[in-house]
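User: Hey, I'm new to this one. Can you walk me through a few asparagines?
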Amino acid sequence: MKIEDLKVGDIYECKVDEDMDHPFKGKVEKIYEHSALMEIVENDPKDNSNKMELNNKIVVSIKKMKKTK
């Protein structure tokens with residue numbers, strides 16, 4: 001995927017190496033050069049405390065995202 005393919009408001013499946021232990025779905029809020037600020041919209045219940053600590057937002061590398069179907 002290319003950064004040009006991202007659109008604000010689209011939902012992506014994401015996985016990060018830090019902060020969240022399981023994959024989650026996020027909605028694009030802001031696009032950066034090689035990443036995006038995501039609002040966490042769906043996550044594994046085991047990550048609820050992590051999500052709260054992050055205020056429902058996390059920056060994700062474009063390499064760690066894929067479009068949901």
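Analyst: Sure. Keep in mind that this is a predicted model. Let's start with Asn55, which counts as exposed because its relative accessibility is 60%, and the cut-off for exposed is over 50%.

User: Okay, where is Asn55?

Analyst: Asn55 sits in the loop between helix H1 (48-53) and strand S4 (57-61).

User: And what about the phi of Asn55?

Analyst: Phi of Asn55 is near 55°, so a positive value in a residue that isn't glycine. Most residues other than glycine have a negative phi.

User: What is phi like for Asn56?

Analyst: Asn56 has a positive phi too, about 65°, and Asn56 is not a glycine either. Asn56 lies in the loop between H1 and S4.

User: Is Asn56 buried, exposed or partly exposed?

Analyst: Partly exposed, because Asn56 has 32% relative accessibility, and that class covers values between 20% and 50%.

User: Switching topic, where does Asn50 lie?

Analyst: Asn50 lies in helix H1.

User: Buried or exposed, that Asn50?

Analyst: Asn50 counts as buried because its relative accessibility is 18%, and buried means under 20%.

User: Which residues does Asn50 touch?

Analyst: Leaving out residues up to four places away in sequence, Asn50 touches Asp19, Met20 and Asp21.

User: What does the side chain of Asn50 reach?

Analyst: The side chain of Asn50 reaches the backbone oxygen of Asp19, at 3.2 Å. Asp19 is also one of the residues that Asn50 touches.

Technical notes: Residues are numbered from 1 along each chain as its sequence is written. This is a predicted model: local features need pLDDT of at least 70, side-chain atom pairs count only at pLDDT 80 or more; totals for chains, interfaces and linings use all residues. Side-chain values use heavy atoms; hydrogens and water are left out. Helices (H or I, at least four residues) and strands (E, at least two) are DSSP runs, numbered from the N terminus. Buried means under 20% relative accessible area, exposed over 50%, partly exposed in between (1.4 Å probe, protein chains only). A polar contact is a pair of N or O atoms within 3.5 Å; within protein, one must be able to donate a hydrogen and the other to accept it, and residues adjacent in sequence count only if both atoms are side-chain atoms. Contact means heavy atoms within 4.5 Å.
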